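Work through the exercises below with the model open beside you. Try each task before you read its solution.

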Number of protein chains: 2
Amino acid sequence: MAAQRLVVIGGDAAGMSAASQARRLKGPDELEIVAFERGHFSSYSACGIPYWVGGDVSGPDALVARSPAEHRERGIDLRMRTEVTELDVEGQRVKVRELDPAGGDRTGGGQSGGERWTGYDKLVIATGARPRRPALPGIDAPGVHGVQTLDDGQALLDTLEKAEGRRAVVVGAGYIGVEMAEALVNRGYEVTVLDRGEQPMSTLDPDMGKLVHSAMCGLGIETVRGVSVTGVLLDADGRARAVTTEEAEYPADVVVLGLGVRPETALARDAGLPLGESGGLLTDLAMRVRGHEDIWAGGDCVEVLDLVSGRTRHIALGTHANKHGQVIGSNVGDGYATFPGVVGTAVSKVCDLEIARTGLLERQATAVGLQFVTVTIESSSRAGYYPGARPMTVKMLAERRTGRLLGVQIVGREGAGKRVDIAAVALTAGMTVEQMTALDLGYAPPFSPVWDPVLVAARKATAAVARDLPGHGG
Amino acid sequence: MAAQRLVVIGGDAAGMSAASQARRLKGPDELEIVAFERGHFSSYSACGIPYWVGGDVSGPDALVARSPAEHRERGIDLRMRTEVTELDVEGQRVKVRELDPAGGDRTGGGQSGGERWTGYDKLVIATGARPRRPALPGIDAPGVHGVQTLDDGQALLDTLEKAEGRRAVVVGAGYIGVEMAEALVNRGYEVTVLDRGEQPMSTLDPDMGKLVHSAMCGLGIETVRGVSVTGVLLDADGRARAVTTEEAEYPADVVVLGLGVRPETALARDAGLPLGESGGLLTDLAMRVRGHEDIWAGGDCVEVLDLVSGRTRHIALGTHANKHGQVIGSNVGDGYATFPGVVGTAVSKVCDLEIARTGLLERQATAVGLQFVTVTIESSSRAGYYPGARPMTVKMLAERRTGRLLGVQIVGREGAGKRVDIAAVALTAGMTVEQMTALDLGYAPPFSPVWDPVLVAARKATAAVARDLPGHGG
């Protein structure tokens, strides 16, 4: 019997990265590792679901980085289709329920039995997130799909398979909504996106979101902006048949919710663990749940420190979840690692339009008391004379007086999206926009104009900061 | 008459950027600006020459960012085909000679006259660089071409036009040699590259250069490594007909020198201005020539501070030249700007193979007394399951004990090259590889695996630094 027992709740990126890293540091005689996953899949890429639905990627197996069997071979006792229903912090134990007591685990290994308690010495909470589903009539009907887990993706594909018509309504035009809209167009659907905002892509300022709207129109996606969904109408069988707003009714053979996600923290909340404003678990820099020496949390169920705003935020992204898992696993295994925080980087695409942001939007900066100047520039992905040069728009926010970089948004074609990484590193380093003008970025005609678009924006932002200084004559 | 007179020597990127920026800050009544250019072209992209020669880009006009006439419209008295032959620092004057005294300026504006002195209050030296041409028999013969200016490019194209055969020899496999080799293949030439090094692309460590060698073979370029050129054989008309090494003779209808460039600083040297080890002008951070209040220098004729090694180096790159020009122009115009230095970033491509480096190579790090660990990883440009994911190799150097990032080299396909910018910013900020593991880089399946290749390298480098620490048991 092992000296200690680690229990992991959640078999996706954060939980299984933590388990794997802990296993690397501690052998089975030192640490028993048991992980519980209520779904049918382990260690998968939820971010890949839109491409699976759209047919670019085969699935679901291609999206699974490591199967339950592979985890078990590596000495992790992963129990699939097993839900943790209660956490007893005082007693250092969790209550688990097998969802397929007849042994329905896709990959084998299912066990019979009802609810029971099982103890832990160390606990990792990686319960993920679930799609926001506003409390509206009909919202839980068959045919209304959130898209967060592979099981969700499979359920949506089953609906698409059976659907008689080819009309889809996507509620919400955040990045999941936009990616799902494109996926459904690729499946041959007529897609309408309903959104409350002034422009799609609320992860961008509206002036940049407008560029995304144009691209969506180009794909034939109808985007209805500035509307609130009031409910879902059902057919005689109780399935979704239309989405209603105050003004209109949108027929739908399938409804997809793209309203973002909430941390899945009911278990943690009921156990009295500390949650932040958006309902995510609060941790310290080592990803320990605050005030609890032997409980860690990571992935989509936690809030992370935003290094630019100084606030904690909920950001559900696989890349963060993997980092959290690494950090947790190192600490559980008596190593040492920290997760310092995020700067809010995100990248996505609609057709060949690449969309990226890092740092703060205007409204986010204002909300935390920052004052700033903004500039927007048009440039090109390559030297203007080089074949394949494509236009790109870069918006940059810099703090008044100090000139510190606060945020960058980029919309453009090939070569636009990953340029945001330049700004992400500069934000992490606390650079000013003037410091950025001197950055030694890769230049050759097939890769960049002689002034990289990010440098063009930094130069203009530097000038804007100077003009804004008190006493400036201009 | 203006209060002061600025003379600019050299009408390409650094000189004309400086002139333009100075003109933005000072009107013609405050500052007269005269610029002298001995060639036929102003403000052009020398980096575009291989693509012009290869036929990807039309030229030469497409490569000119701003013509002489456009500069003159903006209040800069640019004299084309006018060479500065002497600099009298004491007397604050330069001696100029018109090369086409009959008025042969392509764009008009030529004047008649011989050599004469003209005075300055402020001087900008932007005399550029010239191709290295080893003192070997036949090296100056017609048919042997350096490729540094648009005039050089035009001369090479004239030779290609007239050539009867289709055999080209490129001497040197640095990035210009490699780009020219590909250009000549695109022109239908059989290309042999002769190089002294163990692997092509001496801007990379040999293990990474080897990957470039494979790609060159794939293009049908014959690369002969580890050989020294001994001379050029001439035909009866005195034109190059073959290149010889100690072992063999390589027939050539055209010979291209890709041995890099030297700062063009004879004028400055003769005037007693301070030069560094590689013959480039030495400046302060404001790009003033050291010890000379009213003389600035920038572009390919200066040495710049390498922020990683702490040494000055000669790096001829249009992107630096443009930055120098901006800084000089600001300072000449009584503004304030500095050029803090470089980190040694370069990116290029052979066919669809993207090649990038930043910071120090192994031999460069060793030469300045640094000790380091290296790691090399294979990863992918996109999520492995996403269509178009291409492999990429990342090599990373980190300082022993401190873990400070020292350099990164990347070789891969689409999406590899500009990833070097992440490392370039991290180097500028002085980050450790462990700090880099937490970088919040753009992630979505079409753009990156969940761990960006640079992060994968940083993780492995972090582990290597830890293993190397004194007292580490493993």
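**Exercise 1. Find the residue that forms a salt bridge with A:Arg38, and say where each partner sits.**

Solution. The model is predicted, so every value here is computed from it.

Step 1. Start at A:Arg38. Its salt-bridge partner is A:Glu83.

Step 2. Check the distance. The closest N and O atoms are 3.2 Å apart. The cut-off for a salt bridge is 4 Å, so the pair qualifies.

Step 3. Place the two residues. A:Arg38 is in the loop between strand E2 (31-37) and H2 of chain A. A:Glu83 belongs to strand E4 (residues 82-88) of chain A. The pair links distant parts of the chain, 45 residues apart.

Step 4. Set the pair in context. Over all chains, the structure holds 64 salt bridges.

**Exercise 2. Describe how domain 1 of chain A meets domain 2 of chain A.**

Solution.

Step 1. Mark the domains. Chain A is divided into domain 1 (4-130 + 262-332), domain 2 (133-259) and domain 3 (346-468).

Step 2. Take the separation. The centres of domain 1 and domain 2 of chain A, taken over C-alpha atoms, are 29 Å apart. Their contact takes 22 residues from domain 1 of chain A and 16 residues from domain 2 of chain A.

Step 3. Turn to area. Domain 1 and domain 2 of chain A bury about 1,500 Å² between them. Carbon and sulfur atoms carry 62% of that. On the side of domain 1 of chain A, the residues that lose the most area are A:Pro50, A:Trp52 and A:Val53. Together they make up 38% of what that side buries.

Step 4. Count the polar links. Between these two domains of chain A there are zero salt bridges. There are five residue pairs in polar contact, both residues at pLDDT 80 or more.

Step 5. Name the elements on the side of domain 1 of chain A. Helix H2 (49-54) and strand E8 (129-131) of chain A each supply at least two residues. The largest share, six residues, comes from H2(A).

Step 6. Sort that side by class. It has 14 nonpolar, five polar and three charged residues.

**Exercise 3. Work out how chain B is related to chain A.**

Solution.

Step 1. Superpose chain B on chain A. A rotation of 180° does it, with 0.0 Å of shift along the axis and an RMSD of 0.0 Å.

Step 2. Draw the conclusion. The two copies are therefore related as by a two-fold rotation axis.

Step 3. Compare the contact surfaces. The same surface serves both copies: 100% of the contact residues of chain B recur in chain A.

**Exercise 4. Describe the interface of chain B and chain A.**

Solution.

Step 1. Count the residues. In chain B, 57 residues are in contact with 57 residues of chain A.

Step 2. Add the area. The two chains bury about 4,800 Å² between them, 67% of it on carbon and sulfur atoms. In chain B, the residues that lose the most area to chain A are B:Tyr385, B:Asp440 and B:Phe447. Together they give 16% of what that side buries.

Step 3. Look for links across the interface. The rule finds two salt bridges between chain B and chain A. One of them joins A:Asp452 to B:Lys418. Its closest N and O atoms are 2.6 Å apart. Polar contacts across the interface number 21 residue pairs, both residues at pLDDT 80 or more.

Step 4. Name the elements of chain B. Helix H8 (318-332), strand E21 (346-350), helix H10 (420-428) and helix H12 (453-468) of chain B give two or more residues to the side that touches chain A.

Step 5. Sort that side of chain B by class. It divides into 30 nonpolar, 16 polar and eleven charged residues.

**Exercise 5. Locate the backbone features at A:Pro60, B:Pro60 and A:Cys351.**

Solution.

Step 1. Go to chain A. The peptide bond from A:Gly59 to A:Pro60 is cis, with omega near 0°. A:Pro60 is in the loop between H2 and helix H3 (68-73) of chain A.

Step 2. Go to chain B. The bond from B:Gly59 to B:Pro60 is cis, with omega near -5°. B:Pro60 lies in the loop between helix H2 (49-54) and helix H3 (68-73) of chain B.

Step 3. Check phi at A:Cys351. It is positive, about 55°, although the residue is not a glycine. A:Cys351 lies in the loop between strand E21 (346-350) and strand E22 (353-359) of chain A.

Key: Residues are numbered from 1 along each chain as its sequence is written. Chains are lettered from A and ligands numbered from 1 in the order in which they are written. This is a predicted model: local features need pLDDT of at least 70, side-chain atom pairs count only at pLDDT 80 or more; totals for chains, interfaces and linings use all residues. Side-chain values use heavy atoms; hydrogens and water are left out. Contact means heavy atoms within 4.5 Å. Buried area is the accessible area (1.4 Å probe) that two parts lose on being put together, summed over both. A salt bridge is a side-chain nitrogen of Lys or Arg within 4 Å of a carboxyl oxygen of Asp or Glu. A polar contact is a pair of N or O atoms within 3.5 Å; within protein, one must be able to donate a hydrogen and the other to accept it, and residues adjacent in sequence count only if both atoms are side-chain atoms. Helices (H or I, at least four residues) and strands (E, at least two) are DSSP runs, numbered from the N terminus. Ala, Val, Leu, Ile, Met, Phe, Trp, Tyr, Cys and Pro count as nonpolar, Asp, Glu, Lys and Arg as charged, and the others, Gly among them, as polar. Copies are superposed by least squares on the C-alpha atoms of residues with pLDDT of at least 70 in both. Domain bounds come from an automatic or database domain assignment.
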